[in-house]
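Reader: Before I rely on the labels attached to this protein, I would like to see how each one is earned. Could you take me through the reasoning?

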Amino acid sequence: MEDEKKAEQKFGAKKTALIAAAAVVVVAAIGFWYVNYQIPRNNAVDAYNAAADGLSQRNEELDEAIAILQELMSSEEQAYDASTLDAASSAIGEAQGAECDVPEMPSDTDEIIAAADEIEGMGDYSAQLEALAGAQANLQDSIDQLKQVTNPSEQFVIGRLNGLPNITGVEAATEENDPNGNLHKDGGYTAAVFFSTDLVDQSQVYVDENNTGIPAAGTDGGGCVEVYATVEDAEERNTYLAGFDGSILRPGSHAVVGTCVVRTSDLLTASQQNEMEQNIIDSLIRLD
């Protein structure tokens, strides 16, 4: 009996030792797996998620810039220069085309690491953001310019004409000295600011003796900026003036700017008309 008991004890000790050894092996194997496989995978997944989050944030920034410009384009505000709308639409299209989708995470650790590195290099939208910001600024400026030349006050027009090259005098017409008799009438102008120029020999200009001041010479003495309440009224006036182009009653140059008709004297040369007209338009739409 004693021998059997000793044998059992030895067997138990061996069994315990084997179990302990096996446990050590298992723990070592798990440790090896965790250190060499799981930790690198966890690190790879963390790097991938961080890169993906960064790309998502860059995409959100781009989407926000696109949305802001789209909102401005879809507003009821009109632009002075229609090309700014085309430029804004082009900037949006290019930005949308450049946007990168976040790819799905692969299963292999090495591929996850490679994907994270690839994502880090994606989504550099600096050029697109700059283009969107520029298009937005240009469109907003164009909207503001149109507002500025939509039925402006005569004080505004006077201020923009004073100081321009070769303009020597500026005066707004009144109902008493308006040579056309259109001031404040239905379909007529809400203001008419006449100007004289040193490019015209004023001694050769017919002056209405019943009127006084610069308006007495009409547009022949230099020109006029006629202001209308609506674009339709301005266009109708411009069409009316065009009916006399090339005739003995030719009215000089004339161009619609917002709801204004910019006119220059027929006594100016064509190049002088073009230069003066452009100077006036540039001054009227200048944003200070």
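Author: Let us begin with a definition: two strands are said to pair if DSSP finds at least two bridges between them. Please keep in mind throughout that this is a predicted model.

Reader: What makes β2 and β3 a pair?

Author: Six bridges join β2 to β3, and since the definition asks for at least two, the two strands count as paired, in the antiparallel sense. One of the facing positions is Phe194, which stands opposite Cys224 in β3.

Reader: How do you know that β3 pairs with β5?

Author: The same test applies: β3 (residues 222-227) and β5 (residues 260-264) share five bridges, where at least two are needed, and they run antiparallel. Among the bridge partners, Val225 is matched with Val262 in β5, and Glu226 with Val261.

Reader: What is the order of the strands in the sheet, and why are β1 and β4 said to stand at the edges?

Author: The open sheet has five strands in the order β1-β2-β3-β5-β4, with antiparallel pairing. β1 and β4 (253-257) each have a single partner strand, so one side of each is left without a neighbour in the sheet, and that is what places them at the edges. From one strand to the next, the twist averages 15°.

Reader: Which helix packs on the sheet, touching β1, β2, β3, β4 and β5?

Author: That is helix α7 (residues 270-285), whose direction makes about 150° with that of β5. Helix α5 (residues 154-161), for its part, lies across β1, β2 and β3 and runs at about 20° to β2.

Reader: Why is β3 called mostly covered?

Author: A residue is buried when its relative accessible area is under 20%, and six of the six residues of β3 are buried, so the description follows.

Reader: How do you know that Asp178 has no salt bridge?

Author: A salt bridge would need a side-chain nitrogen of Lys or Arg within 4 Å of a carboxyl oxygen, whereas Lys185, the nearest side chain of opposite charge, is 7.2 Å away from this buried residue. Asp178, in the loop between β1 (167-172) and β2 (191-197), does have a polar side-chain atom 2.7 Å from the backbone nitrogen of Asn182, and a polar contact requires a pair within 3.5 Å. Beyond its neighbours within four places in sequence, Asp178 is in contact with Ala173, Leu183, Tyr189, Phe194 and Asn211.

Conventions: Residues numbered from 1 in each chain as written. Predicted model: local features only at pLDDT ≥ 70, side-chain atom pairs only at ≥ 80, totals over all residues. Heavy atoms only, no water. Helix = DSSP H or I, 4+ residues; strand = E, 2+ residues; numbered from the N terminus. Buried < 20%, exposed > 50% of the residue type's maximum accessible area, 1.4 Å probe, protein only. Lys, Arg positive; Asp, Glu negative; His and termini not counted. Polar contact = N/O pair within 3.5 Å; in protein donor to acceptor, adjacent residues only side chain to side chain. Contact = heavy atoms within 4.5 Å. Axes fitted to C-alpha atoms, helices over the stretch in contact; angles between N-to-C directions.
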